[in-house]
Each structure stands twice: as C-alpha cells, then as structure tokens.
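User: Could you take a close look at one part of this model for me, and then show me what surrounds it? I work at the bench, so plain words are welcome.

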Amino acid sequence: MTQREQRQRLGTNDFDLEDELVDEATATVVTGAKRLNRKWPELVVTGFFGGVDVGLGILAMILVKQATGSDVLAGLAFGIGLLALRLAHSELFTEEFLLPINAVIAGQANVLQVVRLWAVTLVTNLVGGSRLCRADGSGAS
C-alpha cells in the first residue's frame, strides 16, 4: 500500500497538514530564488517603482489627512500605494525580507546574491520615493 493510499484509508490527519507545509516551504524557496536571479535592469526598475508606489501611498495618506482630518481615512488611503506595489510586482526592501534567505539555505542561491538584492533594492526604493516627493513639489530641491 502506498503512502497516499494509507492517508486516504486513515482519513484527515496530520499528514495532510505536513504536505501543505512542505508545499509552502518549497514555494518560498522558489520565490526567493526567482527574486535573487533577477537581471540588473529588472532589479533596478522593480526597486525604483517599489519606492514610487510607497511614496504614492504616503502622498495619498497626507492629502487625505489634510482634507478630512481623519486618521482612519488617511490610513486607508495609504493602502493605494501598497495595492500598486502588489499589482506591479515591484520590489520593496522590507517585503518578504526572508524569502531570499530560504533560497540560500536550500542551496538555490548564494549570500552575494542576497547582498546584491538588498543593497540595490534599498537604494532604488529610496531614489524612487524621493523622486516622487520632488515631482509633487514637497521635496527639497
């Protein structure tokens, strides 16, 4: 009798949960490896737009707070930037920060790739966010 047949015979048990955990761990390794293996132009562009997306959310939050005086509405407006970030698949420095580490632990990447990802993403996020502030006139020139 195969392992799958045994599980079906025994019904729902901890083995099903274990399979889901293994699948999730595999997915994190694959996702981390994909992020670490991005080419330079893709990494720079996704990092830049990650900063722009968050800057857009901050700008929306400030505008809504000034217009309404409501912290709740301002917090909801910040979600615009996070939604844009997710839809555009932009790279954010703090987003899923440990996924690349999973890829290194699994032997799918090396530490130098992690340093490259984090450094380029941090710099391009800051540049993207500061460019948005300058574009709306609220940043220093």
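Which backbone oxygen lies 3.0 Å from a polar atom of the side chain of serine 130?

Analyst: Happy to help! The backbone oxygen belongs to valine 127, at 3.0 Å from a polar atom of the serine 130 side chain. That pair falls under polar contacts, meaning N or O atoms within 3.5 Å, where within protein one must be able to donate a hydrogen and the other to accept it, and residues adjacent in sequence count only if both atoms are side-chain atoms.

Please keep in mind that this is a predicted model, in which local features need pLDDT of at least 70, side-chain atom pairs count only at pLDDT 80 or more, and totals for chains, interfaces and linings use all residues. Residues are numbered from 1 along each chain as its sequence is written, and side-chain values use heavy atoms, with hydrogens and water left out.

Serine 130 sits in helix H6; helices are DSSP runs of H or I with at least four residues, strands are runs of E with at least two, and both are numbered from the N terminus. Serine 130 counts as partly exposed because its relative accessibility is 30%, with buried meaning under 20%, exposed over 50% and partly exposed in between (1.4 Å probe, protein chains only). Glycine 51 is 79 residues away along the chain, yet its C-alpha atom and that of serine 130 are separated by 7.9 Å.

H6 spans 111–135 and, like H2, supplies at least two residues of the largest nonpolar core, but we should meet that core properly. Its eight members are Ala33, Leu36, Leu43, Ala103, Ala109, Val114, Leu117 and Val120, where a core is a set of buried Ala, Val, Leu, Ile, Met, Phe, Trp, Tyr and Cys residues joined through side-chain atoms within 4.5 Å. H2 and H6 each give this core at least two residues, and H6 gives the most, with three. Leaving aside neighbours within four places in sequence, alanine 109 is in contact (heavy atoms within 4.5 Å) with Leu36, Ala103 and Val104.

For another side chain that reaches backbone oxygens, look at threonine 46 in helix H3 (residues 40–68). Its side chain reaches the backbone oxygen of glutamate 42 at 2.8 Å and that of leucine 43 at 3.2 Å. The threonine 46 side chain also makes a polar contact with the arginine 38 side chain, at 3.2 Å. Threonine 46 counts as buried because its relative accessibility is 12%. Beyond four places in sequence, threonine 46 is in contact with Arg38, His89, Ser90 and Glu91. Serine 90 is 44 residues from threonine 46 in sequence, with 4.5 Å between their C-alpha atoms.

Those four partners of threonine 46 reappear in the lining of the largest pocket, together with Thr31, Lys34, Arg35, Leu85, Arg86, Glu95 and Glu96. Helices H2 (14–36) and H4 (71–88) each supply at least two of the lining residues, and H2 has the largest share, three. By class, the lining has one nonpolar, three polar and seven charged residues.

Stepping back, the protein has six helices and zero strands. Of its 141 residues, 30% are buried. Among contacts with a separation of 6 or more, 72% join residues 24 or more positions apart.

Definitions and conventions: 1 Å grid on protein atoms, 1.4 Å probe; cavity = no way out; pocket = protein on both sides within 12 Å on 5 of 7 lines; lining within 4 Å. Nonpolar A, V, L, I, M, F, W, Y, C, P; charged D, E, K, R; others polar.
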